[in-house]
Each structure stands twice: as C-alpha cells, then as structure tokens.
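Me: Please take a close look at one aromatic ring pair in this model and its surroundings. Give cut-offs as you go.

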Amino acid sequence: MAVLFGGPMLWALGVFGNGDDALHRTVIFTLAGLWFFVGTFYVIGWALQGFIIRQKAAEEESDDMPPRRPAPSAPPPPSSRPPARSGGH
C-alpha cells in the first residue's frame with residue numbers, strides 16, 4: 001500500500017525523470033506495486049488456508065477414532081473342553 005501513496009510522491013520529487021515518460025513510469029510503478037501487494041497477500045492467504053485445513057484434518061483423525069478393542073478371542077480347541085455329560089440313559 002505504500003507504493004500507492006509513494007508513487008505520486010516520488011513522481012512529484014522527480015525520481016522518475018521529467019516529461020511524459022516520467023508519468024508513464026510512475027503509473028507502471030504504482031500498478032506493479034499494487035499487483036504485487038494483491039498477489040502477495042493472495043498467496044499468503046492460500047498457503048495459510050491450506051495449512052489450517054491440513055491441521056484440522058489431522059485433529060479430526062485423532063479425535064474421531066474410537067479406542068481400539070482387542071480382537072475377539074477364538075473358542076478353545078475341542079480337546080480342552082470338558083467332556084459332555086450324558087443325559088442319564
């Protein structure tokens with residue numbers, strides 16, 4: 001934003017030279033500075049948004065996961081079972 005105000009001041013001080021070329025240089029300098037300002041903050045916003053989304057995704061993965069339960073145990077093999085009782089016949 002300093003370029004927006006600095007361009008005309010530098011032109012008034014004669015930094016860009018004299019005549020019509022100086023005015024053209026001032027306009028180009030000011031527009032380039034504004035474009036740089038807009039582009040820089042667009043890129044910074046884009047990068048921060050991507051970083052924040054990545055952080056939220058990592059937090060959601062860690063918070064939403066239910067605690068792990070151990071796998072259900074298999075029934076014991078038939079040889080370790082007690083013998084079946086007969087019905088009294």
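Reply: What follows starts with the frame, moves to the ring pair, and then covers its surroundings.

This is a predicted model, where local features need pLDDT of at least 70, side-chain atom pairs count only at pLDDT 80 or more, and totals for chains, interfaces and linings use all residues. Residues are numbered from 1 along each chain as its sequence is written, and side-chain values use heavy atoms, with hydrogens and water left out.

First, the frame. The protein has 2 helices and 0 strands. Both kinds of element are DSSP runs numbered from the N terminus: helices are H or I with at least four residues, strands E with at least two. Of the 89 residues, 8% count as buried. Buried means under 20% relative accessible area, exposed over 50%, and partly exposed in between (1.4 Å probe, protein chains only). The accessible surface comes to about 8,400 Å². Carbon and sulfur atoms hold 67% of that surface. Areas come from the Shrake-Rupley method with a 1.4 Å probe; for residues, only the protein chains shown count as cover.

Now the rings. The structure holds 2 aromatic pairs. One of them joins F16 and F29: the centres are 5.4 Å apart and the planes are at 55°, so this pair is tilted. F16 sits in the loop between α1 (2-12) and α2 (20-64), while F29 belongs to helix α2, so the pair ties together parts that are 13 residues apart in sequence. The criteria: rings of Phe, Tyr and Trp (its six-membered ring) pair if their centres lie within 6.5 Å, and planes under 30 degrees apart are stacked, over 60 edge-to-face, the rest tilted. F16 is buried, at 14% relative accessible area. F29 is partly exposed, at 34%.

Next, two threonines of helix α2. T26 lies in that helix. T26 is buried, with a relative accessible area of 6%. Setting aside neighbours within four places in sequence, T26 is in contact with G7, P8, W11 and F16. So F16 appears again, because T26 touches it and the ring of F16 is paired with that of F29. Contact here means heavy atoms within 4.5 Å. T30 is also placed in helix α2 and is buried at 12%. Not counting residues up to four places away, T30 touches V3, L4, G7 and P8.

Two spacings come next. A12 lies in helix α1 and is exposed at 62%. The C-alpha atoms of A12 and A22 are separated by 9.8 Å, with their places 10 residues apart along the chain. H24 is in helix α2 and exposed at 51%. H24 and W11 are 10.0 Å apart, C-alpha to C-alpha, and 13 residues apart in sequence.

Last, the surface. F41, I44, L48, F51 and I52 make a nonpolar patch of about 500 Å². F51 lies in helix α2 and is partly exposed, at 46%. Patch residues have over 30% relative accessible area and no salt bridge; like charges are joined within 9 Å, nonpolar side chains (Val, Leu, Ile, Met, Phe, Trp, Tyr) within 5 Å. A salt bridge is a side-chain nitrogen of Lys or Arg within 4 Å of a carboxyl oxygen of Asp or Glu.
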